[in-house]
Amino acid sequence: MQSFKLSFKSNKHSRSSDSPNLPLNNTDTRSPPSRFSLTRRCTRLLTGLILVCLFLFFSRFNATTAPSWLHDQALAEKHKLPPLYEDYHDFERNLPQHNLSLPFPEGRDAKFFWAANHVTASGWGNAMQELVMNALLAHTTKRAFVFNNFTWERDATDYSTFNGKLIPSRIPMSAIISGPIIGSSFPPGDAAPRAVSREYFKKVCPNPTIIDSWELNEHLRLDNNVPALVIFKKWVEKLNDIDDPCVEIKQESFQLFEIWLFGSKRILSMWPILSKSPILADFSWSPLVHQAYAENAHLFTPKPFRYLPSFMRPSQTLPMPTTLHDVNSILKTKEMDPVDGLLALHIRRGDFAAHCSHLANWSSDWNGFNQFSALPDKFRVPTDGGWGETTPANTKTYMKACFPTIEQIVEKVRDVVDDQRRLYGSGKELRRVYVMTNGDVEWLQQLKEALLRVKRWEGIGTSRDLELGWEAKPVAQAVDMLIGQRAQVFIGNGFSSLTSNIVMLRMAGNVAPEDTRFW
C-alpha cells in the first residue's frame, strides 16, 4: 500500500538508465578489422536479446496487471445487473471494533450516535456534506459514529431506478470513502471510539434513546441569523447530557444539518472546528476510487515518454492498492499534491437547467463552502426577485453561473489561464483539461473543439472517457471528485454540493485559494 500512496504524492516520473560496459579481453590478438566485425555482431546479438527481454517482460506485465475494469467488465456481462457490493458489506460487518470485549472507550463501555434520519434519495454531494457534519458531532461528543450505506431508497429491493436505469439502492460506504468516518483509528491521544456500522449498533443497542431533531432545531433551522456553529453546540450539549450510551435521531425527523445550512454562509462558522478535526484531516477516498483514478491517470496527468508505445508508458504502470477493503486512509487530505498543469471543470448539464431556473426564481445563493472569503470569485444575489419570481436579467445571471453556455465556458477558461500566467508566469502553465460532467457525447465534442480555441492543450478528457469497472461505475462521482480535488486549478459550480465538497477538501488541503474558481 505504501508504494500506492507514493504514486499519488508525486506526478513526476523518474527514469534511471543502466549502461553496462562490456569488458575488453586483453588477450585478444586478432587484427582490427576482426575486432570491428566481432563488436558489430555482438551489438546485434545484444540488441536482439534486449528486444526479446522487453517483449517478454511487457507481455508478462500486460497479462498479469490488466486494468480492473477489464475484469469487472466481464463480471458485468456475466451478471447483467449493477453490483450489490456483498464483499464490502461483509468487510464492514467484520470490523475489529465490533467487539464487546475491547477496552474503554470501545467494547461494552462505548457510547454511540446514530443519525437514522440521514438524507436519502439525494446525490452523493448532499449525502457527503451531511455525513461529515454528523461524524464531527459524534467525534466531538466522544461517541462512536454509526455509519450506514449511501442510500437511495431505504426500504426498496436491492435495486432502484434513476433516469430510466437500474442503480444499487444502497452502496456500502467503504466502496466510496475511507478514514475515521467509517472506522479507522483516530490519531494517538484522541480518546474517541472508532466508528461502527449500523448493523452492529442495532445489535448492541436494541433500545436506544430516540430524539426528534425538532426538539432543538425547530426555531433554529430556517433562521438565517443563526450560524451552524450555534446549532452544532446545542447538539453537543444535548448529547453530553444524555447518560444512555445508545442515542438515535428519529428517522422521520428533519436532518440535524440541512440543506438550508449548507446552502448559505451559515455553515462557514463550523470551519475552525471542522478544518482541525481528524474527521476531515484524515478523510480519504476508498481504495476502489483510488484504483479507478490510477487506471485512468492518462486522462489527466502529464504524458512523458510519448514516443514509447502506450503499454510502456509510466502512466500505465501505476501501482494498485493491495486490497479494496480497508478503512484506513490511503491518502489524507493534506497529503494530496496537486496534479501539475491540470485544469478541472465541473459542468452540469441535462435537467440541471431546470434546477438553475428554480434557483433564480428563489434568489438562492451559492453553497456555503463555495463562499470562503479567500476565494476570488463571488456571486451577488439579486435583490429584485425571490419567492418564486424573478426577472429575465436575473435568470440570465443565474444561468451563466449555474448552466453556462460553451461560449461562456471558453471565456472563463481563457480568463483563468491568463490569471495563472499573471500569478505564476510560465512556471505553472495549465496544459491539460478534465471535464467533470453529465453532458452527452455530442455536446462534449463541441466543447472540446471550442476549448482548443483557448490554447493548444496536451489533452482534454471528460467523465465520459473514464474506463470504469463494474463496481466502480456506481461511484464514478467520487472518482471525479478526487480528480477535482487534486487539480492544479478547479473551476466549479457555486450552486453544486459536489463542487462545495471539493472546495472544502481543497481548502483543508491548503490549496491556494486563487486556484479554486467558479463560473
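In this predicted model, the largest nonpolar core is made up of 103 residues. Those with the most contacts inside this core are Phe113, Trp124, Ile177, Ile181 and Trp285. Among the elements, helix 5, which spans residues 124–140, gives the most to the core, with 10 residues. In soluble globular proteins, nonpolar side chains tend to be buried together.

Phe113 can serve as an entry point. Setting aside neighbours within four places in sequence, Phe113 is in contact with Asn134, Leu137 and Ala138, and also with Arg143, Ala144, Phe145 and Val146. The other contacts of Phe113 on the same terms are Leu239, Val247, Ile249 and Leu256. A second core, separate from the largest one, has 23 residues, including Leu343, Ile347, Ala450 and Val489.

The next topic is empty space. Rolling a probe the size of a water molecule over the atoms shows where such space is left. Across the whole structure, a search finds five cavities of 30 Å³ or more. The volume of the largest cavity is about 150 Å³. Its lining consists of 18 residues, and those nearest the centre of the largest cavity are His118, Glu130, Leu131, Asn149 and Met173.

Two or more lining residues each come from strand 1 (112–115), helix 5, strand 2 (144–147) and strand 3 (150–151). Helix 5 gives the largest share of this lining, six residues. Helix 5 is thus an element of both settings, giving the most residues to the largest core and the largest share to the lining of the largest cavity. By residue class, the lining of the largest cavity has 12 nonpolar residues, five polar and one charged.

Notes: Residues are numbered from 1 along each chain as its sequence is written. This is a predicted model: local features need pLDDT of at least 70, side-chain atom pairs count only at pLDDT 80 or more; totals for chains, interfaces and linings use all residues. Side-chain values use heavy atoms; hydrogens and water are left out. A nonpolar core is a set of buried Ala, Val, Leu, Ile, Met, Phe, Trp, Tyr and Cys residues joined through side-chain atoms within 4.5 Å. Buried means under 20% relative accessible area, exposed over 50%, partly exposed in between (1.4 Å probe, protein chains only). Helices (H or I, at least four residues) and strands (E, at least two) are DSSP runs, numbered from the N terminus. Contact means heavy atoms within 4.5 Å. On a 1 Å grid over the protein atoms alone, a cavity is a set of points where a 1.4 Å probe fits but cannot get out, and a pocket is an open set with protein on both sides within 12 Å along at least five of seven lines; lining residues have an atom within 4 Å of a point. Grid points are joined across faces, edges and corners, and a volume is the space filled by probe spheres set on the points. Ala, Val, Leu, Ile, Met, Phe, Trp, Tyr, Cys and Pro count as nonpolar, Asp, Glu, Lys and Arg as charged, and the others, Gly among them, as polar.
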